[in-house]
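Biologist: Could you walk me through this one at the bench level? I'd like to know what sits behind each term you use.
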Amino acid sequence: MTDNHKTRMVAKKAVMDKKIAAANEERGVLILLKGNGKGKSSSAFGTMARSIGHGKKCAVIQFIKGRNETGEYKFFKDHPMVDWHVMGHGFTWETQDKSQDITAAQKAWALAEELLQNDAYDMLVFDEMSYMFKYQYLEVGPVVAALQKRPKDQNVIITGRTMALPLQDIADTISVVQDERHAFRLGVKAQKGIEF
Ligand code: ATP
Ligand code: MG
């Protein structure tokens with residue numbers, strides 16, 4: 001039994017070592033976190049915390065302003081390695097004002113475009129950006145072009161339930177957060193430290 005395990009692990013190690021050796025390119029990646037389950041934004045901010053731990057400079061643009069003063073905002077806002085920008089006003093069904101939403105989206109994009117040209121930033125998080133394309137507040141073409149021209153080592157994470165296909169075409173990593181169950185549907189109220 002043990003010998004058998006050891007033989008299998010030796011073989012597995014050889015396969016893994018070969019895969020690790022084959023992945024030798026060093027560059028920034030575009031990560032898309034999509035799907036209807038809970039965990040996209042929190043995963044993005046978790047990855048950002050990992051980068052900050054290594055002394056990397058990060059920026060967040062929130063394309064939709066959810067609640068005031070989320071826990072993540074309070075935690076990161078004064079961190080010297082993070083610039084946090086809340087640009088949108090709220091969900092479309094909250095603002096109910098299309099022209100105001102479009103103006104906010106364009107302003108957020110102008111900033112995003114600037115950051116995508118600035119190699120001082122190691123990681124950019126564009127939270128809930130995908131809605132901008134879904135509601136046609138922004139065109140995806142210029143976003144794809146700017147992402148492709150960004151500094152070689154810059155990492156970008158984009159979150160949102162549905163993701164524009166042209167972004168998926170150029171992404172390096174795409175994770176789908178699936179909704180199997182959510183406490184909200186069990187009647188549990190949104191709470192501090194879990195939802196916001
Ligand atoms: P989180 O910020 O917790 O990582 P998320 O970014 O994956 O969540 P969003 O679509 O941005 O999810 O929604 C944000 C808020 O909606 C969070 O408070 C989250 O708990 C809640 N939420 C996420 N998925 C669901 C769901 N399937 N049903 C109900 N509420 C949800
Ligand atoms: Mg989110």
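Biologist: Among contacts in the chain between residues at least 6 apart in sequence, what percentage join residues at least 24 apart?

Modeller: It's 80%, where a contact means heavy atoms within 4.5 Å. Bear in mind that this is a predicted model, where local features need pLDDT of at least 70, side-chain atom pairs count only at pLDDT 80 or more, and totals for chains, interfaces and linings use all residues. Residues are numbered from 1 along each chain as its sequence is written, chains are lettered from A and ligands numbered from 1 in the order in which they are written, and side-chain values use heavy atoms, with hydrogens and water left out.

Biologist: What makes the link between S41 and ligand 1 a polar contact?

Modeller: A polar contact is a pair of N or O atoms within 3.5 Å. A side-chain N or O atom of S41 is 2.9 Å from an oxygen atom of ligand 1, so the pair qualifies. R161 does too, with a polar side-chain atom 2.8 Å from a ligand 1 oxygen, and so does E195 at 3.1 Å. The protein covers 83% of the 580 Å² of accessible area that ligand 1 has on its own (Shrake-Rupley method, 1.4 Å probe).

Biologist: How many residues of the shell around ligand 1 are called charged?

Modeller: Seven, alongside six polar and one nonpolar. Asp, Glu, Lys and Arg count as charged.

Biologist: And what percentage of the chain is buried?

Modeller: Of the 196 residues, 38% are buried, meaning under 20% relative accessible area (1.4 Å probe, protein chains only).

Conventions. A polar contact is a pair of N or O atoms within 3.5 Å; within protein, one must be able to donate a hydrogen and the other to accept it, and residues adjacent in sequence count only if both atoms are side-chain atoms. Buried means under 20% relative accessible area, exposed over 50%, partly exposed in between (1.4 Å probe, protein chains only).
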